[in-house]
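Hello,

Here is the structure I promised to pass on to you. Have a look at it first, and then read on for what turned up in it.

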Amino acid sequence: MTSRYRSFEASQGLNSPSPRRRTVVKAAAATAVLAGPLAAALPARAATDAPAFLHGVASGDPLPDGILLWTRVTPTSAAIPGSGVGPDTEVSWTVAKDKAFTTIVSKGSLTATAASDHTVKADIRGLEPATDYWFRFSAGGTDSPVARTRTAPAANAAVAGLRFGVVTCANWEAGYFSSYRHLAARGDLDAWLHLGDYIYEYKSGEYAARGTVVRPHSPANEIITLADYRTRHGKYKTDPDLQALHHKAPVVAIWDDHEFADNAWSGGAVNHTEGAEGTWTARQAAAKQAYFEWMPVRPAIEGTTYRRLRFGKLADLSLLDLRSFRSQQASTASGTVDDPNRTITGRAQLDWLKAGLKASDTTWRLVGNSVMIAPFVIGSLTADLLKPLAKLLDLPQDGIGVNTDQWDGYTDDRRELLAHLRSNAIGNTVFLTGDIHMSWANDVPVDAGTYPLSASAATEFVITSVTSDNLDDIVKVPEGTVSAIAAPLIQIANRHVHWVDTDRHGYGVLDITADRAQMDYYVLSDRTNANATSSWARSYRTRTGTQKVERTYDPV
């Protein structure tokens, strides 16, 4: 298919702290805590001490003239992730126009050190727009796997279409990453978007699959220190399905709470005990440092993930950081959801987002958004459904409330943003959202109470989790059982919600043309099966100029 892309407004920065969130279950603690040595973060390797590339390679944040390349070298058997040991090691990189590397276009070298956990990132420039490239790293006579990447289209290029994989919420202990494998097998992605919860911070057994650990992560303890976060990132990067997707297309990633701790905000987290687990400032800084070491992400402002990419004249993509600057979630002590002094974005980020949306000259304005922006009220669910749904959404289980970790908990920021879209006649704004472990297709109304009589300012596609528990998992019934009852009731109470599936796991494929933006929702046969199959579930689209979602009956 034809490809397409964007222009990136980012200056480089590095480690600095920021929190994240938990929008889902702090699931029933599982059976026994599974101990695992630090070395479990690495796959088996030969009994030689030659350098090895055990964590694959990756690329990210495509520009019209460049791409960010990443790898981690293991220089000796002792230099495992988080160990803080190992010699300085020269790592060279090569970029070519063909998989056989007969036409080399760029090469160079970097030094991997223990100070950066032996990770390296090469920000390659001087490439051609909208072009496939292949790359690899080498160290001490050992070559890494070969991977494909792709640059963005030229900023002013007429682009026929774009296609992105979309994923979120990948809990290692809750299952296998088959969603990544199925996306990697497609071969038609310009890039893939990870909308947060790339890793989870919990100790082993605390948050698994319906309370059962499918595969133990490492370290076994809740991750708190820099060594812990590095070890957990290293464990994730050994997953063959995750490596396969990183080897097929560039990633564009933002974080949510679990890259830090559940329900993180600027000054703490639900899953952080000040003092007993050190200071939040130190933990946040460690989490951010490990994230930027292990992810091919170019921070626009040091220590944050908000930035903007452009994909020709077809679309730009504003990526949000909804953990670093937010106020504490609303409660009796911290204020109400309507308090204008509370924020989910922070003033600078909200101004940046508003300005970028207003100045945009592309057909579509995409927003990478880690928590749901469409309003959601629970309505009159029966008690047997209300309690597990409240648990999933972190609501009071003895009474009704809103999910204060989402934009519903920060209504002044949402009101300002939606009013900005309406007053400036900014159309074709599509929010791409993760976190909630369910699939949704939403209009984003200016006034949910009077919708559909009030206007819709934007649309939103929410992707379910790769593995993390959702509603049927909490109730422990077969997939589809709860959704058949809960979904109609949710839609009656929320007329802007066109579809919700509370029960299944999977991924999305977003396809964009000048006429429409369409999300195809795919589901897995069984997240606990390493060979799980994938099937198309539903598709929804928003036609240009409408700011409304409609169902369509065929995937792209």
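Which residue of β20 does Ala441 stand opposite? The partner of Ala441 is Trp499 in β20. Behind that pair are strand β18 (residues 439–445) and β20, which run antiparallel and are joined by four bridges.

Before going further, please keep in mind that this is a predicted model. The average pLDDT of the chain is 89, and 87% of the residues score at least 70. Confidence is highest in strand β17 (residues 429–433), at 99, and lowest in helix α6 (residues 383–392), at a mean of 67. Please be careful with residues 1–41, where pLDDT stays under 50.

As for the chain in general, nine helices and 24 strands are found in it. Of its 556 residues, 63% are buried. If you look at contacts between residues at least 6 apart in sequence, 74% of them join residues at least 24 apart. The exposed area is about 17,900 Å², with 53% supplied by carbon and sulfur atoms.

Now to the sheet that holds β18 and β20. Seven strands make up this open sheet, in the order β14-β15-β16-β17-β19-β18-β20, with mixed pairing. β14 and β20 (497–501) are at the edges with a single partner strand each, so each has one side without a neighbour in the sheet. On average, neighbouring strands here are turned by 20 degrees against each other, direction ignored.

Two helices are worth finding next. Helix α5 (residues 347–359) packs on the sheet and touches β14, β15, β16 (364–369) and β17. The direction of α5 makes about 15 degrees with that of β14. Helix α7 (residues 411–423) lies across β17, β18 and β19 (456–462), and runs at about 120 degrees to β19.

Finally, a closer look at β14. Is this edge strand buried or exposed? Five of the five residues of β14 (residues 307–311) are buried, so the strand is largely enclosed by the rest of the structure. In a regular strand, side chains alternate between the two faces of the sheet. Here, Arg307, Leu309 and Phe311 point one way, while Arg308 and Arg310 point the other way. The partner of β14 is strand β15 (residues 315–319), which runs antiparallel to β14 and is joined to it by five bridges. Within this pairing, Arg307 stands opposite Leu319. Three residues lie between the two strands of this hairpin, and Gly312 in the turn has a positive phi of about 60 degrees.

Enjoy exploring!

Best wishes

Technical notes
Residues are numbered from 1 along each chain as its sequence is written. This is a predicted model: local features need pLDDT of at least 70, side-chain atom pairs count only at pLDDT 80 or more; totals for chains, interfaces and linings use all residues. Side-chain values use heavy atoms; hydrogens and water are left out. Buried means under 20% relative accessible area, exposed over 50%, partly exposed in between (1.4 Å probe, protein chains only). Two strands pair if DSSP finds at least two bridges between them. pLDDT is the predictor's confidence in each residue, from 0 to 100. Contact means heavy atoms within 4.5 Å. Accessible areas come from the Shrake-Rupley method with a 1.4 Å probe; for residues, only the protein chains shown count as cover. Axes are lines fitted to C-alpha atoms, for helices over the stretch in contact, and angles run from 0 to 180 degrees between N-to-C directions.
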